[in-house]
Amino acid sequence: MTLLLIAIVVAVVILGAGIALVVGRRGGGTMPSPADLDRITEEVIDHPEHPEPHLEDEDEPASPGASTATLERPEAPQGRLVRLRARLARSQGSLGKGLLAVLGRADLDDAAWEELEDTLLAADVGVGPTAELVEALRTRVRVEGINEPERARAALREELIRLVDPELDRSLSADGADGKPGVVLVVGVNGTGKTTTVGRLARVLVAEDKRVVLGAADTFRAAAADQLQTWGERVGVDTVRGPEGGDPASVGFEAVQRGIADGADVVLVDTAGRLHTKAGLMDELGKVKRVVEKQAEVTEVLLVIDATTGQNGLTQARVFGEVVDVTGIVLTKLDGTAKGGIVVAVQRELGVPVKFVGLGEGADDLAPFDAAEFVDALLA
Ligand SMILES: Nc1nc2c(ncn2[C@@H]2O[C@H](COP(=O)(O)OP(=O)(O)OP(=O)(O)O)[C@@H](O)[C@H]2O)c(=O)[nH]1
């Protein structure tokens with residue numbers, strides 16, 4: 001009996017091993033050699049019918065058609081100036097604190113008023129507005145009998161706000177007519193932060209749920225178009241661009257055409273701002289505007305000025321103001337200057353309001369301008 005059992009177990013083991021061998025051989029027979037495996041793997045990678053799935057790098061901007069999950073959500077524009085008020089530190093130090101220091105004195109004699117005047121002039125407020133402010137304050141101090149620092153401070157705040165002008169309409173004119181998009185032309189000398197501003201404005205509009213198309217009509221510098229496209233891709237906005245050195249007007253035209261076709265709300269057009277000759281600039285900007293207006297009304301022409309350039313910035317404002325109807329000003333790099341008074345000077349120069357200010361290099365460091373918030377930040 002024991003012998004019989006042992007015989008059965010041995011037979012089962014031998015049979016099992018035999019089956020395993022046959023199955024193994026079959027499998028092994030169809031298995032490619034290592035060299036074949038390499039070849040097949042490479043074929044599969046290269047084969048157009050089997051494209052490798054593209055994994056989006058976290059730092060890489062999402063492509064325009066990419067899922068919204070990879071897109072950035074820009075910060076709402078309201079309250080940005082308050083968030084960024086500390087960035088006005090340099091202006092605060094020399095302008096705000098300087099003015100408060102003088103007004104805090106017990107005796108406001110002629111020398112004190114002169115000092116106040118110098119502080120305003122040093123901050124680029126400009127001769128006319130400085131004289132107005134000092135005159136208004138002197139009168140109030142005398143007529144109202146102001147002799148405590150707190151009341152003097154309140155009067156200064158009011159007069160500064162009046163100078164910056166809270167009545168001006170600072171909203172971006174970006175509403176098109178007849179179902180067409182609004183068109184915003186952004187002009188200014190290269191290096192002032194123009195392309196950055198267009199990218200940031202796109203974010204402001206996207207935060208307000210507007211559909212935006214960008215036009216890279218600064219064909220002078222190829223990198224400017226790349227830069228703009230990257231800004232757009234981060235928030236799912238398409239950029240229309242042309243060949244390097246191509247006709248800026250035709251890029252503007254195509255951008256607006258695309259905006260109309262896509263049912264966009266706003267088309268933002270970045271332009272080149274070489275200042276070789278006034279006539280050349282006039283020709284170029286005039287042409288872009290004329291050509292664009294064959295399709296839709298230009299609702300806003302924003303001039304970008306670098307606040308750190310002081311008098312140069314004012315000269316630029318004058319030239320651009322003569323060649324194109326500027327409707328609003330963007331003052332960039334206000335975080336890097338003690339001359340915050342340029343807000344007043346440039347508004348006076350062009351007779352149009354400052355609508356946005358740049359207060360840093362971050363993507364959402366462009367703030368809608370507000371007279372009272374600005375003055376409060378200066379005097380904080
Ligand atoms: N600190 C600070 N830097 C800024 C601000 N706005 C723009 N910049 C920087 O200014 C530099 C120039 O900006 P761009 O947008 O390339 O200037 P641009 O006028 O478009 O120049 P082109 O492309 O040559 O026409 C960049 O390094 C920006 O980050 C700002 O408000 N504050």
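**Exercise 1. Work out how far apart the C-alpha centres of domain 1 and domain 2 lie in this predicted model.**

Step 1: get the bounds. The domain assignment puts domain 1 at 80-164 and domain 2 at 182-326.

Step 2: take the C-alpha centre of each. The two centres are 37 Å apart.

**Exercise 2. Lay out the strand order of the open sheet and find which strands stand at its edges.**

Step 1: walk across the sheet. Its eight strands run E3-E2-E4-E1-E5-E6-E7-E8, and the pairing is mixed.

Step 2: look at the ends. Strand E3 (238-241) and strand E8 (366-368) each have a single partner strand, so one side of each is left with no neighbour in the sheet.

Step 3: check the twist. Ignoring direction, neighbouring strands here are turned by 25 degrees against each other on average.

**Exercise 3. Describe how strand E7 pairs with E6 and with E8, and decide whether E7 is enclosed.**

Step 1: start with E6. Strand E6 (residues 328-332) pairs with E7 in the parallel sense, over three bridges. Here Val330 stands opposite Phe356 of E7.

Step 2: now turn to E8. Strand E7 (residues 354-358) pairs with E8 in the antiparallel sense, over three bridges. Phe356 has Pro368 as its bridge partner in E8.

Step 3: count burial. A residue is buried if 20 or more other C-beta atoms lie within 10 Å of its own. Five of the five residues of E7 are buried, so the rest of the structure largely encloses this strand.

**Exercise 4. Find the strands that helix H11 and helix H12 lie against.**

Step 1: take H11 (residues 278-292). This helix lies across E1 (182-187), E2 (212-217), E4 (266-271) and E5 (298-306), and runs at about 170 degrees to E1.

Step 2: add H12 (residues 311-323). Helix H12 packs on the sheet, touching E1 and E5, and its direction makes about 155 degrees with that of E5.

**Exercise 5. Is Arg80 buried or exposed, and which residues does Arg80 touch?**

Step 1: place the residue. Arg80 sits in helix H3 (residues 80-83).

Step 2: count neighbours. Arg80 has 21 C-beta neighbours inside 10 Å, so it counts as buried.

Step 3: list contacts, leaving out residues up to four places away in sequence. Arg80 touches Glu75, Asp364, Ala367 and Pro368.

**Exercise 6. Characterise the shell around the ligand.**

Step 1: pick out the nearest. There are 19 residues around the ligand, and Asn190, Gly193, Thr195, Thr196 and Gly358 come nearest.

Step 2: sort by type. The shell holds two nonpolar, 10 polar and seven charged residues.

Step 3: find the top contributor. Helix H8 (residues 194-207) gives the most, with three residues.

Technical notes. Residues numbered from 1 in each chain as written. Predicted model: local features only at pLDDT ≥ 70, side-chain atom pairs only at ≥ 80, totals over all residues. Domains from an automatic or database assignment. Near = placed C-beta within 6 Å. Helix = DSSP H or I, 4+ residues; strand = E, 2+ residues; numbered from the N terminus. Nonpolar A, V, L, I, M, F, W, Y, C, P; charged D, E, K, R; others polar. Pairing = 2+ DSSP bridges. Axes fitted to C-alpha atoms, helices over the stretch in contact; angles between N-to-C directions. Contact = placed C-beta atoms within 7 Å. Buried ≥ 20, exposed ≤ 12 C-beta atoms within 10 Å, placed from the backbone.
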